[in-house]
Amino acid sequence: MNQLLDWWVALNTIVIMFALGAARHEENLHEPWLSWPLVRAVLGYNTLIPAGALAMAFSFGWFSSPVITGMALCIAAAGGSSAGAFVAAAGGSGRAASVLIVCLVGVSVAAINLFSWAGVIDLGDVSFLSLSAYSLAITMVPLIAGMFARYLVPEHTDRAQPYIERLGSWLVGLLILVLAGNYGYDILTGPVEPLIAAVLLGLVFAAPPMSERAKVWMRSVVLVTLIRNLSLALSLLAILPEPEQVLPTVLAFGLCMYVMAAGLLWYWRRLDMTLIAERVQA
């Protein structure tokens with residue numbers, strides 16, 4: 001099942017990144033996202049803050065070694081493309097999400113190699129080049145293909161893109177159901193440590209970007225930061241010496257991040273509907 005899940009998440013990544021590349025970008029995004037806000041999102045919310053939280057958890061002995069390793073995998077696997085399935089529905093920017101995801105591919109590879117050098121993750125014979133090639137293959141290649149499709153056949157792309165985007169959303173939804181159905185009970189009734197670690201990671205990822213003032217940018221950054229590259233995390237998990245000890249933490253966070261993203265989506269949509277109703281009444 002883990003191998004099937006790995007392929008499923010990889011397919012989901014390819015579909016969503018193609019849809020992001022093929023989408024029209026007419027969002028009302030006023031934030032200068034190619035300057036300081038992007039640096040803040042990449043280095044702050046996705047690098048320094050999570051790494052600092054992990055260092056504190058490790059230094060104070062809050063969690064066991066397998067749980068720390070699982071948390072490191074989740075932190076290193078930045079740039080989850082599944083965020084693309086949530087961003088548009090949340091009133092965020094697909095363009096900002098795609099730029100962030102691409103930037104975080106490099107951060108992810110660097111973080112994995114840093115954790116490997118520090119001894120937190122044992123990569124074995126897997127090379128830096130193979131990790132980079134894998135990450136780029138399932139993110140950059142479909143994104144560029146989608147952009148080329150929009151450039152070469154814009155009419156056909158306009159008609160097909162919403163269906164491809166919907167397919168990505170369905171794949172994410174089914175993945176959440178599979179994770180909940182196959183692992184939800186074990187996660188909730190098993191050792192509490194992986195679940196606590198997953199919730200803590202979710203808060204570390206989601207809470208700091210909430211301080212962003214521009215609504216469209218804030219929602220995009222929160223979702224891209226919260227939703228990690230589960231395909232990369234599962235692939236790395238498969239090469240660890242004792243993956244069965246680390247798996248509960250990764251799966252617990254995978255389920256937690258999707259539940260939190262769905263909750264945020266529901267809250268934001270309800271908030272937007274309330275604001276619209278108040279304006280109509282005014």
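This short presentation covers the largest pocket of the structure and the contact between two of its helices, H8 and H9. Please keep in mind that the model is a predicted one.

Let me begin with the pocket. As a general point, rolling a probe the size of a water molecule over the atoms shows where empty space is left. Here, the largest pocket holds about 270 Å³ of space. Its lining consists of 14 residues, and those nearest the centre are Ala51, Leu54, Ala111, Leu114 and Phe115.

Which helices supply at least two residues each to this lining? They are helix H2, spanning 36-59, helix H3, spanning 65-76, and helix H5, spanning 94-118. H2 provides the largest share, with six residues. As to chemical character, twelve of the lining residues are nonpolar and two are polar, while none is charged.

I turn now to the helix pair. Two packed helices are described by the angle between their axes and the distance between the axes. For helix H8, residues 192-206, and helix H9, residues 215-226, the axes come within 8 Å and cross at roughly 150 degrees. Angles over 145 degrees count as roughly antiparallel, and H8 and H9 are therefore roughly antiparallel to each other. Their crossing is right-handed.

Which residues meet where these helices touch? From H8 there are Gly202, Phe205 and Ala206, and from H9 there are Val222, Thr225 and Leu226. Of the residues in this contact, four are nonpolar and two are polar, with no charged residue among them.

To close, charged residues are absent from the lining of the largest pocket, and the contact of H8 with H9 likewise has none.

Notes: Residues are numbered from 1 along each chain as its sequence is written. This is a predicted model: local features need pLDDT of at least 70, side-chain atom pairs count only at pLDDT 80 or more; totals for chains, interfaces and linings use all residues. Side-chain values use heavy atoms; hydrogens and water are left out. On a 1 Å grid over the protein atoms alone, a cavity is a set of points where a 1.4 Å probe fits but cannot get out, and a pocket is an open set with protein on both sides within 12 Å along at least five of seven lines; lining residues have an atom within 4 Å of a point. Grid points are joined across faces, edges and corners, and a volume is the space filled by probe spheres set on the points. Helices (H or I, at least four residues) and strands (E, at least two) are DSSP runs, numbered from the N terminus. Ala, Val, Leu, Ile, Met, Phe, Trp, Tyr, Cys and Pro count as nonpolar, Asp, Glu, Lys and Arg as charged, and the others, Gly among them, as polar. Axes are lines fitted to C-alpha atoms, for helices over the stretch in contact, and angles run from 0 to 180 degrees between N-to-C directions. Angles under 35 degrees count as roughly parallel, over 145 as roughly antiparallel, 65 to 115 as roughly perpendicular and the rest as oblique. A crossing is left-handed if the near helix is turned anticlockwise from the far one by less than a right angle, and right-handed if clockwise. Contact means heavy atoms within 4.5 Å.
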